[in-house]
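Subject: Structure handover

Hello,

Here is the structure for you to look through. Please open it first, then read the notes under it.

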Amino acid sequence: MLDLVLADGELVVPETGVARGSVGIKDGRIAVVAAPGETLTARETIDCSGRWVFPGLIDPHTHVGFGDKERDFGTEARSAALGGVTALFTFHRSADLRESSGPWIAEGERRSCIDFGLHFGLTSALHIDTLQETAKRFGVSSFKVYLMYKGAAGAAKGFTEIDDGLLFRTMLEARRVPGGVVGVHCENVEVIPVFRGPLKAAGRNDLAAWDEQSPDFLEAENVSRVIYFAAKAECPVNIVHLSSREGLEIVRRHRAVHRNPVHVETCAHYLTMTRDDPAGILAKVNPPLRRQTDCDALWEGVADGSIETVGSDHVPRKVATKGTDLWSASAGFPGLATLLPLMIEDGHYGRGLPLTRIAAVTSLNVARLYGLPSKGSIAAGKDADLVVVDPHTKRAVDHATLASFSDYTPMQGRMLRGWPVHTLVRGRPVVADGRLTEAALTAPAGRYLRRAV
Ligand SMILES: [Zn+2]
């Protein structure tokens, strides 16, 4: 007897297409995918007719802990679940990863109602010296280097060892880790002050000025160097949160000549928001929001496969950290709960992007890139991480309903379709009829995603 059946939904299977069918779940895994007409008997059946069933989203890019430290694992996982996200990767940074990683993972296991994995943020020589050890011990195969924290900009944040040497050493070490990949934040931070000074002096306080102080070519220049270094180091590299057409052009040019794997991630906000967004300072983020032509180019990249993954770069801060001054406002904003509806409203309905492509960039490709063979699709044997989506009901984004530690969202008021109705994590309902379940609230059972390293 099956535990649960999702009956007669439109199943969005990224590898094969959208087809009517039912999903039978047993012991947290998908036991059977049945064609229409086949009857499955289970203890419980959820009628999914007229609804889409997606593989649970795996957000490749979040910052758990930037809001209320370890409590974020509770709040942000619940917000994620409401958005159909059943697993996330979060960046973990500390002075010594050997000491901090164990307790941090334990907090996640205690509080998170969805599964979670870590990327290590590497900011010092010690991190590189101990990379093989920490990778094996904690099952982490993905690393991030922050080129925007080089030099004076890094010193202001307490980082004094970030330079091209650290980047190159990271690549040399990461390529020895099975499945190893280096993600890089690309912005040429040494040139930014050239633009920032005059903009500040001119009294600019609008969101577009944030783009003008770090224009697209400062991202593209870093992208170029990173890919070139990666080819020489023979290390797979991932351009995370790519924001500009110019950057994507550079990626395409390099891919034509270098065989070394170059992966590209973008975020929902680079696809759906511009520097002229009415959210203003609330939408300050690094890299900055660009122009409509950049959004258009990135959507094309998602459609043609040159962009493989889409995340949220979720940062759960309070609105008070933004203030009214562009230059001192905190960067980043929440996005876990709106990732799927934004992709569906603007991507599918707005641009005809196939649902399977959305499932690929938000789930399958993330699972493949980061070594999660049991996740990313709808097939017998996979974890029963599933989202049942209402295709039709338009609802305004309202931060008050999204359960995050954050008390705002720059998407406030946007009318979106594609909201999750049910979210299952390994067969366990964490959202039912659009509401967090008792289990999600009182007995979170998210697991740490240890990669085979
Ligand atoms: Zn970044």
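A residue is called buried when its relative accessible area is under 20%, exposed when it is over 50%, and partly exposed in between. The notes below use these words throughout. Please keep in mind that this is a predicted model.

Salt bridges

Side chains of opposite charge can pair when their charged atoms come close. With a limit of 4 Å between the nitrogen and the carboxyl oxygen, the count for this model is 30 salt bridges. Three of these pairs are described here.

Glutamate 249 has a relative accessible area of 37%, so it is partly exposed. Its partner in a salt bridge is arginine 252, with 3.7 Å between the closest N and O atoms. Arginine 252 is also partly exposed, because its relative accessibility is 28%. Both residues sit in helix H10 (residues 245-257), three residues apart, which means that about one helical turn separates them.

The second pair is aspartate 68 and arginine 71, whose side chains meet at 3.4 Å, N to O. Aspartate 68 has 25% relative accessibility and therefore counts as partly exposed. Arginine 71 has a relative accessible area of 47%, so it is partly exposed as well.

The third pair is lysine 375 and aspartate 385, where the N to O distance is 2.6 Å. Lysine 375 and aspartate 385 both lie in the loop between helix H14 (355-369) and strand S14 (386-390), so their salt bridge ties together parts that are 10 residues apart in sequence. Are these two residues buried or exposed? Lysine 375 counts as buried because its relative accessibility is 4%. Aspartate 385 is buried too, with a relative accessible area of 5%. Through shared partners, salt bridges join Lys375 and Asp385 with Arg29, Asp115, Asp383 and Arg426 into one network.

A buried lysine with no salt bridge

Lysine 322 is found in the loop between strand S13 (309-311) and helix H13 (339-351). Lysine 322 is buried but has no salt bridge. How far away is the nearest side chain of opposite charge? That side chain belongs to aspartate 407, and the distance is 10 Å. Leaving aside residues up to four places away in sequence, lysine 322 touches Ile281, Leu282, Lys284, Ala329, Ser330, Ala331, Gly332 and Tyr408.

Pocket and cavities

Rolling a probe the size of a water molecule over the atoms shows where empty space is left.

The largest pocket has a volume of about 770 Å³. Its lining is made up of 36 residues, and those nearest its centre are Met148, Tyr149, Lys157, Asn286 and Ala331. Two or more lining residues come from each of strand S9 (142-146), helix H5 (151-155), helix H7 (192-201) and helix H8 (207-213). The largest share comes from H7, with four residues. By class, this lining has 16 nonpolar, nine polar and 11 charged residues. Ala331 appears twice in these notes: it is in the list for the pocket, and it is one of the residues that lysine 322 touches.

The structure also holds three cavities of 30 Å³ or more. The largest cavity contains about 70 Å³ of space. It is lined by 13 residues, with Ser79, Pro334, Leu402, Ser404 and Thr409 closest to its centre. Which classes of residue make up the lining of the largest cavity? Five are nonpolar, eight are polar and none is charged.

Regards

Key:
Residues numbered from 1 in each chain as written. Predicted model: local features only at pLDDT ≥ 70, side-chain atom pairs only at ≥ 80, totals over all residues. Heavy atoms only, no water. Buried < 20%, exposed > 50% of the residue type's maximum accessible area, 1.4 Å probe, protein only. Lys, Arg positive; Asp, Glu negative; His and termini not counted. Contact = heavy atoms within 4.5 Å. 1 Å grid on protein atoms, 1.4 Å probe; cavity = no way out; pocket = protein on both sides within 12 Å on 5 of 7 lines; lining within 4 Å. Points joined across faces, edges and corners; volume = space filled by probe spheres on them. Nonpolar A, V, L, I, M, F, W, Y, C, P; charged D, E, K, R; others polar.
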